[in-house]
Amino acid sequence: MDNIEKYPLYGPLEINALGSNYKLFLEAGKREIKNLWDIKHQSDFKVDGYEMIRYLAKGSFGKVVLVRNKVDDGYHAMKVLDKENIVKKKQLLHLKGEINVLRSVNFPFTMYLQHFIIGNTLLYIVTPYVESGDLFTHLRKERRFDEHISTFYGAQILLAIEFLHYSDILHRDIKPENILLDHTGFLKLTDFGFAKMVKGRTYSMCGTPEYLAPEIILNQGYGKAVDWWAFGVLMFELTTGKTPFYNNDTKKMYQ
């Protein structure tokens, strides 16, 4: 895992990086994902090789902290998860899916895994630190983006979704909070806790209410189209500053 060459953390998708044939690039990515999916591997790097700088976020399953690598002085985001809490809240499958995606997907506009460390009571997921925060925060500050900026951001997320779908991976939680912005203005799709490799249809009820496709709500079974529905909601939100179906009453929103 640690020896896999990843695309640069910052900046645009270079044509030379993709090669002359985009289909060949997608095929190569699919092969890499297949080879790395479900590998039982943890990093040789130890958690005491990092110095904690400050807290970045806290969620129901753990916390995210900014850390410094004591060897190369690089900064990283470290998600710290309690094993007992993960088991108690039945999140093992979601965690496994997240690790599989972060480990195997190698694309300029998706987050990737640097180290996965297993401690006695805690799990540590180390990824690059993207310092400009999430797209949701910037959208609330600007209220809405003009069409050119929305299109610029949308194109990157579209490519990320396309790359995931080519290998039958559904994200299932596309929203501004799960998109990070680097200091050059380019994006990283992140938070793969609901991601799942699906060939055909799946029936799990998951995601964020404002972005859920009708077939998820109706429990009809669904496939890749649900990510494109969420992408459409996202684009509406970027250009107007609000989601199209929001209601304080979740039941009314689903209707």
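This passage describes the contact between the two assigned domains of a predicted model and the packing of two of its helices. Local features were considered at pLDDT of at least 70 and side-chain atom pairs at pLDDT 80 or more, whereas totals for chains, interfaces and linings use all residues. Residues are numbered from 1 along each chain as its sequence is written, and side-chain values use heavy atoms, with hydrogens and water left out.

The domain assignment, whose bounds come from an automatic or database source, divides the protein chain into domain 1 (22-128) and domain 2 (133-254). Their C-alpha centres are separated by 21 Å, and the contact (heavy atoms within 4.5 Å) involves 22 residues of domain 1 and 20 residues of domain 2. About 2000 Å² is buried between the two domains, with carbon and sulfur atoms giving 72%; buried area here is the accessible area (1.4 Å probe) lost on putting two parts together, summed over both. Of the area that domain 1 buries against domain 2, 30% is supplied by Leu 26, Phe 109 and Met 111, more than by any other three residues.

Helix α2 (residues 22-36) and helix α6 (residues 147-166), taken as DSSP runs (H or I, at least four residues) numbered from the N terminus, have axes that come within 9 Å and cross at roughly 55 degrees. Axes are lines fitted to C-alpha atoms over the stretch in contact, with angles running from 0 to 180 degrees between N-to-C directions. The two helices are therefore oblique to each other, a class left after angles under 35 (roughly parallel), over 145 (roughly antiparallel) and 65 to 115 degrees (roughly perpendicular) are set aside. Residues making this contact include Leu 26 and Ile 33 of α2 and Leu 159 and Phe 163 of α6.
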